[in-house]
Amino acid sequence: MTVPSPSPSPSPADSSAPPLLETREVGKVFGSVIALRGVSMVLHAGEVTCVLGDNGAGKSTLIKILAGVHAHDGGEYLVDGSPVRLGGPREALDRGIATVYQDLAMIPLMSVWRNFFLGSEPVTGPLRRFDVARAKRVAREELRDMGIDIRDVDQPVGTLSGGERQSVAIARAVHFGARALILDEPTSALGVKQAGVVLRYIARARDRGLGVVFITHNPHHAYPVGDRFLVLNRGTSLGQFAKADITREELTSLMAGGAELDHLAHELGRAAADTTPGPASAGPGTT
Amino acid sequence: MTSVPADERLAGAGVLRRLLVRPELGSVVGAVAVFAFFSSQSAVFRSADGVANWLDPASTLGIMAVAIALLMIGGEFDLSAGVLTGTTGLVMVTLATRFGWNVWLAMLAGLVPALAIGFLNGLLVVRTKLPSFIVTLGTFLMLQGLNLGITKAITGTVQVGGLRRADGYEGARAVLAGSVTVGGVDFRVAIFWWLAVTALATWVLMRTRAGNWIFAIGGDEQAARAVGVPAARVKIGLFMTTATAAWLVGSIMALRLSSVQANAGIGQEFIYIIAAVIGGCLLTGGYGSAVGASIGALIFGMADKGIVFAGWDADWFKFFLGGMLLLATLANSLVRRYAEEARR
Ligand SMILES: Nc1ncnc2c1ncn2[C@@H]1O[C@H](COP(=O)(O)OP(=O)(O)O)[C@@H](O)[C@H]1O
Ligand SMILES: [Mg+2]
């Protein structure tokens, strides 16, 4: 099995417009730990860029730079083609860069619609009361438009499944005007079906014109939905690949560590093929 | 992890679930049972006069329980709330009787130390991140000392009295501590204040942004902050709200008795918390209701007077309280566990 050579950054769709987000050789050092070194990636509107890598590869560090949580030490970070230095998550949000972290920032005992608008509640009337009717209606509509099947927006978020919770968080980010959506391992804690549900919403957000950065360590989750794949290993980039330039097997092999693991990659490939159906085909009966 | 088929989820979200998820449910059942029990023991208890009689202790307790419930939903406790009712009363009566202030003015002046103490409680909790249980235990003890020390220094005794002779007493008394005759039965005005406070608190909780934030900071403060909820401001506001309620109740009690004991309100702080918990507030925050806390207070009122009407020794009241509290917390934890099992 051969590992393809990374392509610079082909964008078949809109090569004229500057990418939504782009990093050029960014790095990040924590004290004596070099968490990230020389990583380049692009994210276009209406596309999904997957960031893959094993635990500790630097995936979270990269997206925290994108989300404004960490300032980068080296290289350049460009938003809409111009270099930026974000002062914090709020600044990223103001530029339309929304991040859904693993822990989701939702309150389990509160209802779906209350969570949906938490911190940005619509108000009405002279007393500026919480426009509950509108909040419920909009939450229901937004979820439905995303194809999310929540029976009852009054039910507590804690009673939703992990996949549904991820989906609500994604719908919320979309509703509040995100242009770029960053998802940190949204499928890693989920079963096959639930992961399929979340992948479907990632595709839906992409179809609405958002750029999605999708972090995962599972190439089987990344491949069906991704347009571009950035593979990280121990803080460095193994390259960014357009979908046309890499097969699922090659991606899996690359992730597993390259030449030395050809054999293991083969084994893993078989195991994966035996036990996990592709996420694209998963999730009957969930809509 | 497997995903549950859709129709099973539907069954899970049925009527029973909906009911169980209401925080007030346990207290409503409790209130009906307590009412039925004492009604069967005493005809006076179930008469209109009897009702007016047991609504009275429920009212002042209810005002405090509602405020404490808001604070507990926001994830904090206030042990200084009881003694603060004494402090505000003492300030008011002292200013009116020793310094010749008009009663209304003296009453308003009592609000100043109350708000300051509420603010201080909140600020300390928010800044130090210490448990509010400890912080307010500290202010509780300090206020207890201040109430006694200053009262003794000014009057040489452990009470200030004579409010009756002060300017504006009758008017203030009519508004806060008088009675209203409805259908030939005298009801204390405080009962209407209690209803108003309950309605206002319910509106704030259910229909304002602040209400959403209160649930959120009590449910998961980190997550609430992450989406931009001003958690520190909300918490300080909640402590100032309990302080304001303590001021209202302290004023009502002072006007009613025309004097205040230096140890007034001590020991009440736990009763407020117990009423809120019986009303469905979780000790861990993020869940509860103002109506529930009011019903918790109602149960207290009924038991307090019902035991007397039934001709029993009043000592049984505490036993009854303990039993109610245990039952209520047990019911709450069952509801909680049920909600958690329903996840996934
Ligand atoms: N705040 C930090 N301080 C020090 N080291 C860190 C910090 N954040 C991440 N690291 C280190 O950087 C490396 C990459 O971590 P991370 O980006 O979280 O990896 P991944 O998300 O791919 O599992 C790890 O070795 C981790 O220990
Ligand atoms: Mg990570």
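Biologist: Why is B:Ser258 called buried?

Modeller: Its relative accessible area is 5%, and buried means under 20%, exposed over 50% and partly exposed in between, with a 1.4 Å probe and protein chains only, so B:Ser258 falls in the buried class. This is a predicted model, in which local features need pLDDT of at least 70 and side-chain atom pairs count only at pLDDT 80 or more, whereas totals for chains, interfaces and linings use all residues. Residues are numbered from 1 along each chain as its sequence is written, chains are lettered from A and ligands numbered from 1 in the order in which they are written, and side-chain values use heavy atoms, with hydrogens and water left out.

Biologist: Where is B:Ser258 placed, and what is notable about its phi?

Modeller: B:Ser258 sits in the loop between α13 (231-257) and β4 (260-261) of chain B, where helices (H or I, at least four residues) and strands (E, at least two) are DSSP runs numbered from the N terminus. Its phi is positive, about 65 degrees, although B:Ser258 is not a glycine. Most residues other than glycine have a negative phi. A:Glu185 also carries a positive phi, near 45 degrees, in the loop between β9 (180-184) and α6 (192-207) of chain A, and with a relative accessible area of 11% A:Glu185 is buried.

Biologist: What makes helix α5 of chain A largely enclosed?

Modeller: Eleven of the 14 residues of α5(A) are buried, and therefore the helix is largely enclosed by the rest of the structure; among them are A:Glu164, A:Gln166 and A:Arg172. The expected span of a helix is 1.5 Å times one less than its number of residues, which gives 20 Å for α5(A) (residues 162-175), in agreement with the 20 Å between its end C-alpha atoms.

Biologist: How do you know that A:Arg208 and A:Glu142 form a salt bridge, and which parts does the pair tie together?

Modeller: A salt bridge is a side-chain nitrogen of Lys or Arg within 4 Å of a carboxyl oxygen of Asp or Glu, and the N to O distance of this pair is 3.8 Å, so the criterion is met. A:Arg208 lies in the loop between α6 and β10 (211-216) of chain A and A:Glu142 in helix α4 (residues 132-145), so the pair ties together parts 66 residues apart in sequence. A:Arg208 counts as partly exposed at 39% relative accessibility, whereas A:Glu142, at 14%, is buried.

Biologist: What makes B:Asp56 and B:Arg256 a salt bridge as well?

Modeller: Their side chains meet at 3.1 Å, N to O. The pair links distant parts of the chain, with B:Asp56 in helix α5 of chain B and B:Arg256 in helix α13 of chain B, 200 residues apart, and both residues are buried. Elsewhere, B:Glu76, B:Glu221, B:Arg225 and B:Lys235 are joined into one network by salt bridges that share partners, and the whole structure has 18 salt bridges over all chains.

Biologist: What makes a set of residues a nonpolar core, and how many residues has the largest one?

Modeller: A nonpolar core is a set of buried Ala, Val, Leu, Ile, Met, Phe, Trp, Tyr and Cys residues joined through side-chain atoms within 4.5 Å. The largest has 104 residues, and those with the most contacts inside it include A:Leu118, B:Met72, B:Val103 and B:Phe300. Its largest share, 16 residues, comes from helix α5 (residues 48-73) of chain B. Apart from this core lies another, of 53 residues, among them A:Ala135 and A:Met255. Nonpolar side chains tend to be buried together in soluble globular proteins.

Biologist: Which residues does B:Trp193 touch, and why is B:Trp193 called partly exposed?

Modeller: Leaving out residues up to four places away in sequence, B:Trp193 touches B:Ile63, B:Val175, B:Leu176 and B:Leu248, contact meaning heavy atoms within 4.5 Å. B:Trp193 lies in helix α10 of chain B, and its relative accessible area of 31% makes it partly exposed. In the same helix, buried residues include B:Trp194, B:Thr198 and B:Leu205.
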